[in-house]
Amino acid sequence: MPALSSLLDRFLPSAVSDIFTLTAKLKAQGKKIYDLSTGEPDFDTPQHVKEAAVKAIAEGCTKYTPVDGSLAIKSAIARKFWRDNGLNYSEDEIVVANGAKPLLADAIRTLANPASEVVLASPCWPSHVGMIEIAGAYPRFVRTTEDTGFKMTPEALGAAITPKTSVVLLCSPSNPTGATYTHAELEGLSAALARHPDVWIVSDDLYEHILFDGRSFATMAAVNPSLASRILTVNGVSKAYAMTGWRIGYAAGPQVLIDGLCKVMSQAAGCPSSVSQAAAIAALDGPQGFLKDWANSYQRRRDRSVAALRRSRALRCTVPEGAIYLYPSCHGLIGSATARGARIHSSADFVRYLLEDWNVAVVPGSAFEADPYFRLSIATADADLDEGIRRITAAVDALSYRD
Ligand code: PLP
């Protein structure tokens, strides 16, 4: 039997997929699962976006486009960057891909030499780590805690950047913590970045439109234009417009970076779906008012859910400033025992207990490089979210502690 590539030994399978597999198995057995594990808006894709896709199909817009997207979508993205972020990019400085995820993976391959280090805050999105490892580079974590609202300080970021650093990867609002850097906080980080002119910066802005408590969005290329010549700003339609299945992500950056990225994409990817590109143009150019309504609705769910979790004294829960997740600490549950006598040694044990004994699916903190925590999604229909949270607190109450 031939061996698989040795690259596979360098990283672990995603802890998120483990829980997805078990959840899918239980659902297939006919169990009702309160699934708070997936980061997917429960809203429907807006009607005008669907209609644009239908029209594109009817008009024969069903063939390959350029590998990095059509001129029409690049123009819509250029308008978006100008309207929302005050960033002025030409179509040549923009790429479009089958979602932000493959785009980020190709960007890391473009910017990070094998054995170099990519600096990022933890807790972090597991795929950021996986794509760094697949590129043959190493993640270098800036560990953040609840005390700083899970945000990097300029000092901690500066200390993590070494001659081995190829890329600093920023993500705000963050998956999984919802930490959202203000303009002033990004200015602070930009001073640390300015001292390292040989380091690329990738800004993952996927949750730009999901902000709470009247916050406004800030992105590094706009905060410090003197860094823009080494920043790739990544975004997409998945989370903003409830278009996760349409698979459109995009990015803008300096020409040399975009040319390198297109070179990788030209061999590693096909063009994004022509129909989805037409739909994304309608999303980006169409009405934007409902984005605020959706964010308000996530905020109401956040408030209810955080309050309910905090009533359980064994759990701690910070208040996310954006994105669609809560990231409570289950530190207080370590060492407890379930009614069936199983011991909770880790967040993974707690998550398995929630799923098997209480039919609630969440994701263990080990997946996000910070433990013992768990992540749950508030982008879940109200009734399921409320019942899921009720079950989590009941599950915590049902644990017993040895003296
Ligand atoms: N970036 C972050 C921080 C995410 O959480 C996700 C998806 O969960 C993505 C990127 C990928 O988005 P897309 O659906 O565009 O691939």
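In what follows, Ala, Val, Leu, Ile, Met, Phe, Trp, Tyr, Cys and Pro count as nonpolar, Asp, Glu, Lys and Arg as charged, and the others, Gly among them, as polar. The structure shown is a predicted model, in which local features need pLDDT of at least 70 and side-chain atom pairs count only at pLDDT 80 or more, while totals for chains, interfaces and linings use all residues. Residues are numbered from 1 along each chain as its sequence is written, and side-chain values use heavy atoms, with hydrogens and water left out.

I begin with the ligand. It is surrounded by 13 residues, each having a heavy atom within 4 Å of it. The closest are A100, D204, Y207, S238 and R247. By class, the shell consists of 6 nonpolar, 3 polar and 4 charged residues. Helix 4, residues 100–111, supplies the largest share, 3 residues; helices here are DSSP runs of H or I with at least four residues, and strands are runs of E with at least two, numbered from the N terminus.

Next, the polar contacts, meaning pairs of N or O atoms within 3.5 Å. The side chain of D204 places an N or O atom 2.6 Å from a ligand nitrogen. Y207 has a polar side-chain atom 2.7 Å from a ligand oxygen, and for S238 the distance from such an atom to an oxygen of the ligand is 2.7 Å. Of the 400 Å² of accessible area that the ligand has on its own, the protein covers 93%, by the Shrake-Rupley method with a 1.4 Å probe.

I turn finally to a sheet. Three strands form an open, antiparallel sheet in the order 9-12-11, where pairing requires at least two DSSP bridges. Strand 9 (325–326) and strand 11 (363–364) are at the edges with a single partner strand each, so one side of each has no neighbour in the sheet. Strand 9 is joined to strand 12, residues 374–377, by 2 bridges; L326 has L376 as its bridge partner in strand 12.

How values were computed
A polar contact is a pair of N or O atoms within 3.5 Å; within protein, one must be able to donate a hydrogen and the other to accept it, and residues adjacent in sequence count only if both atoms are side-chain atoms.
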